[in-house]
Structures are given as C-alpha cells and as structure tokens.
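Please read the points below with the sequence and the structure side by side. They are meant for someone who is looking at a protein model closely for one of the first times.

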Amino acid sequence: MKKDKFIIQGLGNNNFLSGKIRVNGAKNAVLPVMASSVLFKDGFGVKNVPFIEDLNRLDEILKGLGIEMKKEKEGEYFINTKGINGVEIDEEASKRMRASVIFTGPILARFGELVFPHPGGCVIGARPIDLFLDGFEKMGAKIEHSDGKYSIKAKDGRLKGANIFFKIPSVTATETFIMAGILAEGKTTLKNVAIEPEIISLIEWLNSCGAKIKGVGTPVLEIEGGVLLEAGDKIYETIADRLETGSFLILGALCASDLEIYNCNPAHLEIITEMLKDSGVDMQVGKDFIKVNNKNLKNYKAFNIKTHEYPGFPTDLQSPMTVFLTQAQGESLIFETIFEGRLNYTSDLVKMGADIKMWDAHRVTVKGPNQLKGRELEGPDIRTGFAFVIASLVAEKESVITNVYYIDRGYGSIEKRLSGIGADIKRVEN
Ligand code: UD1
C-alpha cells in the first residue's frame, strides 16, 4: 500500500480559496453498478466514473471473476462480461475495501456458490456482516466458515426468493439483496431497506435493463426473480457524489472567499445545506451547483448533529462537519448513531487546539470557536482524511497528513483540484 503524504499550508483565516471545483461521480454509486455486471448476459458502458483508488480494487475483483473493465476515455469504462466464470472475491482487494461485500449477492445468485473473506475497509467500527449471512440463509443457502473465508452454496444451485427484514437499514446489504433477488427463484421482499440516492440510482439502472423491482424509494421492495439482465446499448451515467459535494461545501463555508461547486445535485444534500444556512453560511443553491463563501465566518452559530440514514445527516459528513463546528460560536453535540469508532479522530482535532469533550464512543461536544494549529495527522478513514484536509487549511501553519491512501480511496486527484482553487497542498510520494 502506498504511503504518500500531504503537506498543507494552513490559511489561518487570512488567505482564502476561490474559483470553481467540479464534483466527480459518486464512488458509492459506481461500485454497486459495476458489481451488478455479474447479473448481465452482455456488457455495458459506465460514464462519469471518478478516478479513485477504490476503482483499482474494483478492477482486481472484476478480473478475478473474469470480467473486464476497459477504460475507453477519462471517466468512461466498458464492462465486458463475456469471460465471467469466477465465484471467489479477491482476498487482497476485499481486505482493503468493505464494499467488496456487494459482490456476494450477484455471484451467489448467478452461480449458486460463492467464496469470500471477511471484508476490511475504513477503520470506523466493527462492521459485521450478519445481515448478509442471515439473508443468504433465508434464501436457502448453506454457509461454512473456515480459515477466515466464507463458503456459501445455494440449495439445488439456485437462491430462492425470500422475505427479508433488515434489523438495520444497511446500504450495502440493501444493494446486495436487491441484486440477489433478481436471479433468485420467485419473489423476494426486502423490508426496512435503506433509501440512499445511490440505491435508487442502482434500482433505476437495473430496472432499465430488465429487472422487476417495485417500491423504489420506499422502505419495502419487491423483486420478481427472473432471467439475466441485458443492457443492449444502455450506458449508466454515474450520479454526482453527494459526499464530495458536502465536503467541498463545508470547506468553502470555512475557507473560501468565493467558491462554486458544480456538476453536483444539491437535492441529495438538503440536510447539509439547511443546517449550514441556519448557522449563518452565505450560499446560493442552484439545480446543479452551489456557490458558497465564508464572509459570515466570525458569526456562525453552533448546532447539534445526529447521524441518520438518508435523508438524515450522513455519517460520512460527520467528521467534516465537526471541523466546521470547531469554528462556530457556542456548543454543539455530535451524536454518531451508525458507527461506534467514528469519533476517535476528535482527539487529533483537540491536539490542533479544538475544545472537544468525548462523553462515550457515540457522543462528543464541541465548544467553539478556536483557532486550530497545524500538526501531523493520520486519518483513519476516507471522510476523516478529508476532514483533516479541511482542518489543516483552516489552521495556522503547516500540517502533514500521513496516510493519504484513505483520501485517495474516495477523492480523486484531490491535491490538484484543491490547488486549482488556491490551496497550498503538496503530495510527497513514499
Ligand atoms: C455504506 C457506505 C458508507 C456509509 C455507510 C452508512 C458504500 C460503499 N458505503 O457503507 O460510505 O458510511 O453506508 O451510510 O455505500 N451493519 C450490521 N450488520 C451488517 C451490515 C451492517 O450490523 O451485516 C451495521 C453497521 O455496522 C453499521 C450500520 O449497519 O452500524 C450501517 O452500515 P451500512 O449501511 O451497512 O454501511 P455500509 O453499507 O458498509
């Protein structure tokens, strides 16, 4: 694994960023759509694909299954499923990317068998896979676990439609069982599903290629199992990354004299725009852009956050928003309800000068504002890596962020894009 560093000169509230920054296609949309190729008898094109590290992991997994991901031009790929034959998810890629688990459903549904390791990924909590294992059992599969690998076999070689209630509306479990249901025998009903925009986009894509999924956007989905999907000449256009949009918006609210975030979909981000506006942030929200500046920075009001499934406050924007709150007037409570390890980074913000008190694994309070000071930082996950970039830019003096691999997993060529709006950020290759 590469161990690059970022060296960032803090703006210290003196110099500001300005210009335009483009939002890339959503990582969390492109991963399940590429995994859905396992359900297809032909191949398909994918547009607006972000160039991120996770794409390399995806390529490794697809290759292992005999599927080719061919780059046509920047941001455009063709997924060729002609040689599909594998039933095992690449171990190394899986250890580095939790979303590899999305492949379990389509592989098991297509081939009736599957081998995969316990997936790894961001260090944000236990991240169990019980919902996946329980669901496969309900669909008539038998599971064996030995030497750190799961071997799963469908009874009589084919999954059976089932009634599955998710105790937690998990994003990847919802996506996995939608895809499993498509090739299962009979009807699958999924209850208490997640309704993130990336899931809606996946369902629309699958339905456009012959899937029969009803209840789109509601907590109950019904899937009529059938035959392999066919794309014909259809191309999947990746939706804009709402998490990247939110990250840039928070950055702009703190550090920009004038920033335009474009190629985005603000409708997927209302919780963030509403909260920031109430706090005093000056912004203009268009159909596919947001203009933001930090002219009211000295008067931002503190507010509380409780992370929640969509359309509530996204856990992925909790750490960038916590950095925002270190600069707001008053006390904020941050209640992380989804992952239990996702507040540990706050001890680094404290070392930078933030006034943050941790009450338990799920709650911290932040008192602001406090001037942050640059230091050496090591982000534990994709979004906190970017939160540290924001904190480093807000701070006085220089910061060094050491494990840039995590940031690269979700934010393509970020140093180039941030340099383009005036940030002093350099990559040191290691
Ligand atoms: C997805 C997103 C990630 C985001 C997260 C929550 C992708 C590729 N990743 O991750 O960016 O942070 O949603 O919005 O889309 N859980 C169980 N058992 C399981 C599965 C999950 O208990 O079998 C729990 C998790 O520990 C967590 C909660 O369910 O507490 C929600 O996690 P989940 O929605 O599954 O997250 P991911 O799909 O991994």
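The notes that follow go through a sheet, a helix, the nonpolar cores, two single residues and the ligand.

1. Before anything else, please keep in mind that this is a predicted model, and that the distances and angles given below are computed from that model.

2. I would begin with the open sheet of 4 strands, whose order is β2-β14-β16-β15 and whose pairing is mixed. Strands of a sheet pair through backbone hydrogen bonds, and they may do so in a parallel or an antiparallel way. The edges here are held by β2 (17-22) and β15 (282-285), and because each of these has a single partner strand, one side of each is left without a neighbour in the sheet. On average, neighbouring strands of this sheet are turned by 10° against each other, if direction is ignored.

3. Within that sheet, it is worth following β14 (residues 256-262) and β16 (residues 289-293), which run antiparallel and are joined by 4 bridges. I261 stands opposite I290 in β16, and this pair is a convenient place to find the two strands on screen. Helix α9 (residues 270-279) packs on the sheet, where it touches β15 and β16, and the direction of α9 makes about 145° with that of β15.

4. Is helix α1 mostly covered or mostly open? Helix α1 (residues 27-35) is mostly covered, since 8 of its 9 residues count as buried, that is, under 20% relative accessible area. The buried residues include K27, A29, V30 and L31, and P32, V33, M34 and A35 belong to the list as well.

5. M34 appears again in the largest nonpolar core, which has 75 residues, and there M34, F103 and L206 are the residues with the most contacts inside the core. Helix α6 (residues 171-183) gives the most to this core, with 7 residues. Leaving aside neighbours within four places in sequence, L206 is in contact with S36, L39, F40, I178, M179, I182, A211, I213 and L229. Another core lies apart from this one, with 68 residues, and among them are I261, M321, I356 and V389.

6. Two single residues are useful to set side by side, and T238 is the one to take up here, in the loop between β13 (235-237) and α8 (242-255). T238 has a relative accessible area of 3%, and is therefore counted as buried. A polar atom of the side chain of T238 lies 2.7 Å from the backbone oxygen of K47. Not counting residues up to four places away in sequence, T238 touches G25, A26, A29, V30, V46, K47, N48 and V49.

7. K367, by contrast, lies in strand β20 (residues 363-368) and is partly exposed, with a relative accessible area of 45%. Although K367 and D355 are 12 residues apart in sequence, their C-alpha atoms are 5.4 Å apart in space. With residues up to four places away in sequence left out, K367 touches G330, E331 and D355.

8. Finally, which residues come nearest to the ligand? Of the 18 residues around the ligand, these are D130, S170, T172, D316 and I338. An N or O atom in the side chain of S170 is 2.6 Å from an oxygen atom of the ligand, whereas for V171 it is a polar backbone atom that lies 2.8 Å from a ligand oxygen. I338 also takes part through its backbone, with an N or O atom 2.5 Å from an oxygen atom of the ligand.

Methods: Residues numbered from 1 in each chain as written. Predicted model: local features only at pLDDT ≥ 70, side-chain atom pairs only at ≥ 80, totals over all residues. Heavy atoms only, no water. Pairing = 2+ DSSP bridges. Axes fitted to C-alpha atoms, helices over the stretch in contact; angles between N-to-C directions. Contact = heavy atoms within 4.5 Å. Buried < 20%, exposed > 50% of the residue type's maximum accessible area, 1.4 Å probe, protein only. Core = buried A, V, L, I, M, F, W, Y, C linked by side-chain atoms within 4.5 Å. Near = heavy atom within 4 Å. Polar contact = N/O pair within 3.5 Å; in protein donor to acceptor, adjacent residues only side chain to side chain.
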